[in-house]
Amino acid sequence: MFISVILTRFSVLGGFLEVKVLATNVDGTLTDPEYKLSLEAIKYVRILEEKGLPVILVSGNTLCTLKTLQRYIGCSGALVAENGAVVEYKGKLKILGNGMEARKALEKLKEKFGSLIVESWTNPYRYVDIALQRTLEKDKILDVVLGFSGLKLLDSGFAYHLLDKNVDKGKGLKVAVQLMGFRLEEVAVVGDSETDIEMFKVAGLKFAPANSPQNLKNIANHVTSKNGGEGFVEATKIILGEKTG
């Protein structure tokens with residue numbers, strides 16, 4: 001069963017939008033204030049799936065992490081990992097970026113800052129993106145990254161990411177939706193980070209939890225009254241036509 005959402009409820013022109021897929025960020029969106037998975041959010045992921053709306057997980061984390069979450073959460077949509085650089089659906093794997101410059105930049109950072117550069121334990125499992133713990137000021141990392149023309153620096157609030165400049169969550173979501181046989185305008189998204197901005201730009205319907213940065217809220221169709229996992233539940237209830245009070 002597919003759910004139709006009236007766009008004017010979100011102050012957007014265009015009549016009716018048929019939401020057929022929901023894509024959600026993970027950290028800060030499906031989690032509680034302690035960044036543990038929100039059980040209520042997981043409950044609503046399963047409700048969406050039961051009603052025929054597949055859920056896509058989108059994250060800066062690794063593909064293997066998302067595949068594990070997908071299995072235990074119970075969602076069936078594509079996976080968009082490494083901030084859009086890696087997409088997988090039913091065994092079809094798409095690598096959208098190149099990790100060579102990120103690895104060169106990592107070595108440069110280690111040369112300059114030594115032990116102050118702390119890699120994420122997930123880096124051995126990454127195809128493109130390099131993640132670093134936030135042990136240095138962002139500007140110091142950025143000074144090195146700017147020396148690599150094909151590279152950009154992302155700050156998810158959880159980690160710094162060295163990423164191919166041509167990759168973002170919006171491009172990853174586009175590939176994911178194509179693999180699933182849907183159109184971007186049929187996708188509702190929920191996200192809480194600046195790394196979700198490009199994903200918001202391409203999706204049909206956008207929800208930002210209350211804990212989101214202002215520049216993400218500015219392009220959302222709806223900003224929830226609650227944070228994190230509770231905000232995700234609120235967004236899901238709106239899609240399903242349930243009361244949110």
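**Stop 1: the whole chain**

Turn on the surface display to begin: the accessible surface of the protein chain comes to about 11300 Å², and 51% of it belongs to carbon and sulfur atoms. Keep in mind throughout the tour that this is a predicted model.

Now switch to the cartoon view. The protein chain has eight helices and 13 strands. Its radius of gyration is 18 Å, close to the 18 Å that the globule rule gives for 245 residues, so the chain is as compact as a globular protein of that length. If you rotate the C-alpha trace along its principal axes, it spans about 55 × 35 × 35 Å.

How much of the protein chain is made up of buried residues? Buried residues account for 55% of the 245. Contacts tell you about the fold too: among those between residues at least 6 apart in sequence, 53% join residues at least 24 apart.

**Stop 2: the eight-stranded sheet**

Next, colour the strands and look for an open sheet of eight. Moving across this sheet, you meet the strands in the order 7-6-5-4-3-11-12-13, and their pairing is mixed. Which strands are at the edges? Select 92–95 for strand 7 and 222–223 for strand 13: each of these edge strands pairs on one side only.

While you are here, add helix 2 by selecting residues 63–73. Helix 2 packs on the sheet and touches strand 4, strand 5 (79–81), strand 6 (86–89) and strand 7. The direction of helix 2 makes about 145° with that of strand 5.

**Stop 3: strand 3 and its two neighbours**

Zoom in on strand 3, residues 21–25. On one side, strand 3 pairs with strand 4 (residues 55–58) in the parallel sense, over four bridges. Show two pairs of residues here: Thr24 stands opposite Leu57, and Asn25 stands opposite Val58.

Now select residues 187–190, which are strand 11. Strand 11 also runs parallel to strand 3, and four bridges join the two. Look for Leu22, whose bridge partner in strand 11 is Ala188.

Is strand 3 mostly covered or mostly open? Strand 3 is mostly covered, with five of its five residues buried. To see how its side chains are arranged, recall a simple pattern. In a regular strand the side chains alternate between the two faces of the sheet. Display the side chains and compare: Val21, Ala23 and Asn25 are on one side, Leu22 and Thr24 are on the other, and all are buried.

**Stop 4: Asp27 in the loop**

Step along the chain to Asp27, found in the loop between strand 3 and helix 1 (39–50). Asp27 has 26% relative accessibility, so it counts as partly exposed; the buried class is under 20% and the exposed class over 50%.

What does Asp27 touch, leaving out residues up to four places away in sequence? Select Asn61, Phe158 and Asp192 to see these contacts. Then try your viewer's distance tool on the C-alpha atoms of Asp27 and Lys237: they are 210 residues apart along the chain and separated by 20 Å.

**Stop 5: helix 8**

Lys237 brings you to helix 8, so select residues 228–240. Helix 8 has 13 residues and reaches 19 Å from its first C-alpha to its last, close to the 18 Å expected at 1.5 Å a residue.

Is helix 8 largely enclosed or largely open? In helix 8, 12 of the 13 residues are buried, so the helix is largely enclosed by the rest of the structure. Among the buried ones are Phe232, Val233, Ile238, Ile239 and Leu240. Charged-looking names appear in the list as well, including Glu234 and Lys237. Just after helix 8, pause at Gly241, which takes a positive phi of about 80°.

**Stop 6: the three-stranded sheet**

For the last stop, find the open sheet of three strands, in the order 8-10-9, with antiparallel pairing. Strand 8 (130–132) and strand 9 (151–155) stand at the edges with a single partner strand each, so one side of each is left without a neighbour in the sheet. Neighbouring strands of this sheet are turned by 25° against each other on average, direction ignored.

Select residues 160–164 to highlight strand 10, which pairs with strand 8 in the antiparallel sense over three bridges. There, Ala131 stands opposite His161.

Finally, bring in two helices. Helix 3 (residues 100–113) lies across strand 8, strand 9 and strand 10, running at about 30° to strand 8. Helix 4 (residues 138–145) lies across strand 9 and strand 10, running at about 165° to strand 9.

How values were computed:
Residues are numbered from 1 along each chain as its sequence is written. This is a predicted model: local features need pLDDT of at least 70, side-chain atom pairs count only at pLDDT 80 or more; totals for chains, interfaces and linings use all residues. Side-chain values use heavy atoms; hydrogens and water are left out. Two strands pair if DSSP finds at least two bridges between them. Contact means heavy atoms within 4.5 Å. Axes are lines fitted to C-alpha atoms, for helices over the stretch in contact, and angles run from 0 to 180 degrees between N-to-C directions. The radius of gyration is taken over C-alpha atoms; the globule rule is 2.2 Å times the number of residues to the power 0.38. Buried means under 20% relative accessible area, exposed over 50%, partly exposed in between (1.4 Å probe, protein chains only). Accessible areas come from the Shrake-Rupley method with a 1.4 Å probe; for residues, only the protein chains shown count as cover. The expected span of a helix is 1.5 Å times one less than its number of residues.
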